[in-house]
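Please open the structure in your viewer and keep the selection tool at hand, since this tour goes from one selection to the next.

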Amino acid sequence: MKNPPSLDHLIAALKVLPGVGPKSAQRMAFHLLQREQAGAEKLARALDRALSSLVHCERCNTFSETPLCNLCADSERNQSQLCVVEMPADLLMLEQARCFDGLYFVLMGRISPLEGLGPREANLDKLLLRAQDGVVEEVILATNFTAEGEVTAHMIGELLKQRGLKVSRIARGMPVGGELEHVDPGTLAQALYERRQA
């Protein structure tokens, strides 16, 4: 028996979510239609509203409902420091940590040649324009410590250094409150390598 076309369309739409395969998408579709119709309608309205009202901030490239997001519009923030992150979720984590009072640039991705993602997909052209605005003095690279994040940080660092900007990279190492016996060998080795004078 074949599914009705509208059900197939719903399943196909759900498969665009990360980590959702055909079976998971089918389970979600059946759940939404059978047990959670009010939730499905709420989800549809929220998606429609987000798609129609969200744009990219003109300065930092994160999602915003206005041309400038609330962080970029805040004149109290340190305008001379620009922290580069891969995704809006990374920006939110840094803000929750309350450890940085500068501004951000969100790449909306990373460089990953194996996935066909190059400098254009990581918005490096927009970043270079933003970093060379005459106000930014230091660019802090806070991409993830994955192979792709390291490649992205290296490429950005080289491009910015060529333009005379100060570039730094967030440190790797031991988690706060972590115990040596529970830390993976790679993290422990990096913490020892990047040690500082006490």
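Begin by selecting Arg-172 and Glu-150, which form a salt bridge whose closest N and O atoms are 3.0 Å apart. Arg-172 lies in the loop between β6 (166-169) and α7 (185-193), whereas Glu-150 belongs to helix α6 (residues 147-162), so this pair ties together parts that are 22 residues apart in sequence. Keep in mind throughout that the model on the screen is a predicted one.

Colour the two partners by accessibility, and Arg-172 comes out as partly exposed at 31% relative accessibility, while Glu-150, at 28%, also counts as partly exposed. Now add Arg-169 to the selection, because Glu-150, Arg-169 and Arg-172 are linked in a network of salt bridges. In general, side chains of opposite charge can pair when their charged atoms come close.

How many salt bridges does the structure hold? There are 5 in the structure, and the next one to select is the pair of Glu-95 and Arg-77, where the closest N and O atoms are 2.7 Å apart. Glu-95 sits in helix α4 (residues 88-97) and Arg-77 in the loop between β2 (63-64) and β3 (78-85), so the pair ties together parts that are 18 residues apart in sequence. Is each partner buried or partly exposed? Glu-95, at 22% relative accessibility, counts as partly exposed, whereas Arg-77 is buried, with a relative accessible area of 11%; the cut-off that separates the two is 20%, because buried means under that value.

Move next to Arg-130, which you will find in helix α5 (residues 124-131). Arg-130 is buried, with a relative accessible area of 6%, and yet its side chain meets that of Asp-133 in a salt bridge, with 2.6 Å from N to O. The partner, Asp-133, counts as partly exposed at 34% relative accessibility. With Arg-130 still selected, show the backbone of Arg-59 as well, since the backbone oxygen of Arg-59 lies 3.5 Å from a polar atom of the Arg-130 side chain.

Then display the surroundings of Arg-130: leaving aside residues up to four places away in sequence, Arg-130 touches Arg-59, Leu-82, Leu-103, Phe-105 and Val-136. For a sense of distance, draw a line from the C-alpha atom of Arg-130 to that of Phe-30, which is 100 residues away along the chain, and the separation comes to 46 Å.

For the last stop, turn to the surface and select Val-16, Leu-17 and Met-28, which make a nonpolar surface patch of about 270 Å². Within this patch, Met-28 lies in helix α2 (residues 22-34) and is partly exposed, with a relative accessible area of 32%.

Technical notes
Residues numbered from 1 in each chain as written. Predicted model: local features only at pLDDT ≥ 70, side-chain atom pairs only at ≥ 80, totals over all residues. Heavy atoms only, no water. Helix = DSSP H or I, 4+ residues; strand = E, 2+ residues; numbered from the N terminus. Buried < 20%, exposed > 50% of the residue type's maximum accessible area, 1.4 Å probe, protein only. Contact = heavy atoms within 4.5 Å. Polar contact = N/O pair within 3.5 Å; in protein donor to acceptor, adjacent residues only side chain to side chain. Salt bridge = Lys/Arg side-chain N within 4 Å of Asp/Glu carboxyl O. Patch = residues over 30% accessible without salt bridge, like charges linked within 9 Å, V, L, I, M, F, W, Y side chains within 5 Å. Areas by Shrake-Rupley, 256 points an atom, 1.4 Å probe, with all protein chains shown as cover.
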